[in-house]
Amino acid sequence: MLTNDDITIGILAGGRATRMNSQDKGLMLVHGIPIIKKIINKIENNSNNIVINANRNISKYESFNFQVIQDSLSDFQGPLAGIYSMLKNIRTNYLFTIPCDCPNFDWNVVKKFIDNFEETKDIHVAHNSLRSQPVFMLISKSMIDPLHDYLMSGNRKIDIFYKKNNFKYVYFNEDTSYFDNINTIEQLDEYNSK
């Protein structure tokens, strides 16, 4: 049976954020709070195993008092590069990944993954009944080598990677807001106006 202690929570904050005028998305203010802090607030009562994947503003991310892991591959190669780098550095057998730009994230997402865990599967991926949400992923540490090989072959697409491996979907209602993310200045302004 999978427990909270078997999982490290990895927050992906290592992107370029080109649609946000290259602002660091994890540090964007949502109702006056850095969005990554909002996410941490939803996690830390349930888990102390938290790491942050970041490639900029390292000292600012370190100020949240969790380990900050930079991509081991250069040039901002996408979420899989961040997932790979975190997998290599965690002590637990599983990594649960969360993008840093989802202000509505809640621990219930992780709980549903735990409740639907299948030991025979190496990867569990969120699905909102309309489409997959693959950056919300529970991945076994046993996937380090396959992920390394996939990245070294020049591939970056996260959905192709998990479909090539032993995975299952964890289904959520299509109207859930857990997976809503902020990708543009306009979306940030709209969210802050609520």
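In what sense do strand β7 (residues 123-127) and β9 pair, and over how many bridges? They run parallel, and five bridges hold the pairing together on paper. Keep in mind that this is a predicted model.

**The sheet**

Let's start with the wider setting. The chain has seven helices and nine strands. Seven strands make up an open sheet with mixed pairing, in the order β5-β4-β1-β6-β8-β7-β9. The edge positions go to β5 (67-69) and β9, and each has a single partner strand, so one side of each has no neighbour in the sheet. On average, neighbouring strands here are turned by 30 degrees against each other, ignoring direction.

Now to the β9 end of that order. β7 has β9 as a parallel partner, and β7 also pairs with strand β8 (residues 132-140), this time in the antiparallel sense and again over five bridges. Here is one bridge from each pairing:

| Residue | Bridge partner | Strand of the partner |
|---|---|---|
| V125 | Y169 | β9 |
| H127 | S132 | β8 |

What about the two faces of β9? In a regular strand, side chains alternate between the two faces of the sheet. Strand β9 (residues 167-171) has K168 and V170 on its covered face, while F167, Y169 and Y171 sit on the uncovered one. Y169, the bridge partner of V125, is thus a name to look for on the uncovered face.

**Helix α3 and its neighbours**

Next, have a look at helix α3 (residues 79-89). Which strands does α3 lie across? They are β1 (7-13), β4 (50-54), β5, β6 (94-99) and β8, and the helix runs at about 145 degrees to β1.

S85 is part of α3. Is S85 buried or exposed? Its relative accessibility is 1%, and buried means under 20%, so S85 counts as buried. Leaving aside residues up to four places away in sequence, S85 touches I69, Q70, D71 and S72.

α3 also packs against another helix, α5 (residues 144-152), at an angle of about 145 degrees and with the axes 10 Å apart. The crossing of α3 past α5 is left-handed. On the α3 side, the contact is made by L80, A81, I83, Y84, L87 and K88, and on the α5 side by I144, L147, H148, Y150 and L151. Sorted by class, that gives nine nonpolar residues, one polar and one charged.

**F161**

Another residue to pull up on screen is F161, in helix α6 (residues 158-163). With a relative accessible area of 1%, F161 is buried. Which residues does F161 touch, not counting those up to four places away in sequence? The list is L80, I123, I139, M143, P146, L147 and Y150. Of these, L80, L147 and Y150 also turn up in the contact between α3 and α5. P146 is 15 residues from F161 along the chain, and their C-alpha atoms are 9.0 Å apart.

**The chain as a whole**

Finally, zoom out. The C-alpha atoms fill a box of roughly 45 × 35 × 30 Å along the principal axes. A compact globule of 194 residues would have a radius of gyration near 16 Å, and the chain agrees, with 16 Å. Buried residues account for 49% of the 194 in the chain. Among contacts between residues at least 6 apart in sequence, 69% join residues at least 24 apart.

Notes
Residues numbered from 1 in each chain as written. Predicted model: local features only at pLDDT ≥ 70, side-chain atom pairs only at ≥ 80, totals over all residues. Heavy atoms only, no water. Buried < 20%, exposed > 50% of the residue type's maximum accessible area, 1.4 Å probe, protein only. Helix = DSSP H or I, 4+ residues; strand = E, 2+ residues; numbered from the N terminus. Pairing = 2+ DSSP bridges. Axes fitted to C-alpha atoms, helices over the stretch in contact; angles between N-to-C directions. Contact = heavy atoms within 4.5 Å. Left-handed = near helix turned anticlockwise from the far one by under 90°. Nonpolar A, V, L, I, M, F, W, Y, C, P; charged D, E, K, R; others polar. Rg over C-alpha atoms; globule rule 2.2 N^0.38 Å.
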